Amino acid sequence: MLFDARITESEPWVVVRMIGDLDLATIPTARSVLHEAVRLLDGAEGICLDLSDLDFWDSLGLGLVVRWTGLADGAGLGGGIGDHQPPRDRRAHPRAQPGRG
């Protein structure tokens with residue numbers, strides 16, 4: 001399956017929408033897109049990962065998302081994981097938090 005990622009700005013967030021399969025073959029592309037999103041943060045509060053259009057993600061794809069959100073949180077970036085709309089506060093989407101939703 002193919003992979004695509006699109007970066008859009010939806011104030012106050014930079015939204016990274018991942019589409020298709022996130023796996024061993026596509027992680028390098030996904031990582032490059034995430035680094036590009038960081039470069040676009042000028043004036044934005046943080047990055048929202050929209051994973052709602054992923055058809056498949058393996059353990060390596062999950063690992064990338066977990067590492068990325070941990071690094072972003074440690075760097076003081078706002079954002080989280082959302083579905084179509086960026087979160088309106090600095091918490092991750094409730095469905096992305098274990099035991100909630």
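**Salt bridges and folds: a first look**

Tutor: Welcome! Asp-4 is a good place to begin: this residue is partly exposed, with a relative accessible area of 32%. Here buried means under 20% relative accessible area, exposed means over 50%, and partly exposed lies in between, using a 1.4 Å probe and protein chains only. This is a predicted model, in which local features need pLDDT of at least 70 and side-chain atom pairs count only at pLDDT 80 or more, while totals for chains, interfaces and linings use all residues. Residues are numbered from 1 along each chain as its sequence is written, and side-chain values use heavy atoms, with hydrogens and water left out.

Student: In what pattern do the helices and strands follow along the sequence?

Tutor: Helices (H or I, at least four residues) and strands (E, at least two) are DSSP runs, numbered from the N terminus. The protein has two helices and four strands. Read along the sequence, their pattern is β-β-α-β-α-β.

Student: How many salt bridges are there?

Tutor: A salt bridge needs a side-chain nitrogen of Lys or Arg within 4 Å of a carboxyl oxygen of Asp or Glu. Among the pairs that qualify is Asp-4 with Arg-6, at 3.1 Å from N to O. By this rule the count is three.

Student: How many residues apart are Asp-53 and Arg-17?

Tutor: Their side chains meet in a salt bridge, 2.6 Å from N to O. The pair links distant parts of the chain, since Asp-53 sits in strand β3 (residues 46-57) and Arg-17 in strand β2 (residues 13-22). Their separation in sequence is 36 residues.

Student: Why are Glu-36 and Arg-39 separated by about one helical turn?

Tutor: Glu-36 and Arg-39 form a salt bridge, with their closest N and O atoms 2.9 Å apart. Glu-36 is partly exposed at 32% relative accessibility, whereas Arg-39 is exposed at 58%. They are about one helical turn apart because both lie in helix α1 (residues 27-39), with a spacing of three residues.

Student: Which residues does Asp-58 touch, leaving out those up to four places away in sequence?

Tutor: Asp-58 lies in the loop between β3 and α2 (59-74). Asp-58 and Asp-23 are 35 residues apart in sequence, yet 5.4 Å apart in space, C-alpha to C-alpha. Counting contacts as heavy atoms within 4.5 Å, Asp-58 touches Leu-22, Asp-23 and Leu-24.

Student: What percentage of the residues is buried?

Tutor: The protein has 101 residues in total. Of these, the buried ones make up 40%.
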